[in-house]
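Subject: Structure handover and notes

Dear colleague,

I am passing on the structure we spoke about, together with some notes on what was found in it. Please look at it alongside the text below.

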Amino acid sequence: WGGDAVVFLSVQSIEHASGDNPDQWEHRQRQDRVLQFCDSVRATGVACANEIRIGDDPAAEILDYCQGSRIDVLCMGHRSRGLLSRVFSLGSVAKGCIKASVAAIWILKS
């Protein structure tokens, strides 16, 4: 990027990326919100992009992107999907990134 920038990275499973999944509509809604937020960030003079990666291991895809893009800080959302993730603070993707990332990580609970 060559300077300060915000990059929204989404990782879709191969199943979701094919368009044959009923959750595709929900994913498009999220992407629309990200694009609107990106426009707000750009209005402040900061570069912003929305990247989508396809793969079945989100943590590996995130770490690969961070390593290849020289990311300084990785900010991740956490949704508490199941009973165990409500009891324990982090999900498997966040845990996988924390274990292997060389960048600082900031977890936001939504």
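What follows is a walk through the cysteines, the aromatic residues, the charged side chains and a few further points.

Please keep in mind throughout that this is a predicted model, and that the values below are computed from it.

Cysteines

The structure holds 1 disulfide, which joins C38 to C48 with a sulfur-to-sulfur distance of 2.1 Å. The two cysteines bring together distant parts of the chain, since C38 sits in helix α2 (residues 24-43) and C48 in strand β2 (residues 47-54), 10 residues apart. The torsion about the S-S bond of C38 and C48 is about -90°, and the disulfide is therefore left-handed. Both ends fall under the 20% limit for burial: C38 is buried, with a relative accessibility of 1%, and C48 is buried as well, with a relative accessibility of 6%.

Why is C97 not bonded to C66? The cysteine sulfur closest to that of C97 belongs to C66, and because the two are 7.0 Å apart, they are too far from each other for a bond. C97 itself is buried, with a relative accessible area of 0%. C75, by contrast, has a relative accessibility of 39% and so counts as partly exposed.

Strand β3 and its partner

C75 also appears in strand β3 (residues 73-78), where it belongs to the uncovered face together with V73 and G77, while L74, M76 and H78 make up the covered face. Strand β3 pairs with strand β4 (residues 104-109) in the parallel sense, over 6 bridges. Within that pairing, L74 has I105 of β4 as its bridge partner.

The aromatic pair

A search of the whole structure gives 1 aromatic pair. The pair is formed by F8 and F37 in an edge-to-face arrangement, with 5.5 Å from centre to centre and 85° between the planes. F8 lies in strand β1 (residues 5-12) and F37 in helix α2, so the pair ties together parts of the chain that are 29 residues apart in sequence. As for accessibility, F8 is partly exposed at a relative accessible area of 22%, and F37 is partly exposed too, at 47%.

Salt bridges

As general background, side chains of opposite charge can pair when their charged atoms come close. The structure holds 3 salt bridges, and I take first the one that lies in helix α2, between D39 and R42, whose closest N and O atoms are 3.0 Å apart. Because D39 and R42 are 3 residues apart in helix α2, about one helical turn separates them. Each of these residues is partly exposed, D39 at 48% relative accessibility and R42 at 40%.

Which residues are linked in a network of salt bridges? They are R53, E61 and D64, and R53 takes part in each of the two contacts described next. E61 forms a salt bridge with R53, the closest N and O atoms being 3.3 Å apart, and the side chains of D64 and R53 meet in a salt bridge at 2.6 Å, N to O. The pair of D64 and R53 links distant parts of the chain, with D64 in helix α3 (residues 58-69) and R53 in strand β2, 11 residues apart. The acidic partners of R53 fall into separate accessibility classes, as E61 is buried at 18% relative accessibility, whereas D64 is partly exposed, with a relative accessible area of 43%.

A glutamine in helix α2

The last residue to point out is Q31, which is found in helix α2. Is Q31 buried or exposed? With a relative accessible area of 9%, Q31 is buried. The side chain of Q31 makes a polar contact of 2.6 Å with the side chain of N50. Leaving aside residues up to four places away in sequence, Q31 touches S10, N50 and I52.

To draw the notes on helix α2 together, this helix holds C38 of the disulfide, F37 of the aromatic pair, the salt-bridged residues D39 and R42, and the buried Q31.

With best wishes

Note on methods. Residues numbered from 1 in each chain as written. Predicted model: local features only at pLDDT ≥ 70, side-chain atom pairs only at ≥ 80, totals over all residues. Heavy atoms only, no water. Disulfide = S-S within 2.5 Å. Helix = DSSP H or I, 4+ residues; strand = E, 2+ residues; numbered from the N terminus. Buried < 20%, exposed > 50% of the residue type's maximum accessible area, 1.4 Å probe, protein only. Polar contact = N/O pair within 3.5 Å; in protein donor to acceptor, adjacent residues only side chain to side chain. Contact = heavy atoms within 4.5 Å. Pairing = 2+ DSSP bridges. Phe/Tyr/Trp six-rings, centres within 6.5 Å; stacked < 30°, edge-to-face > 60°. Salt bridge = Lys/Arg side-chain N within 4 Å of Asp/Glu carboxyl O.
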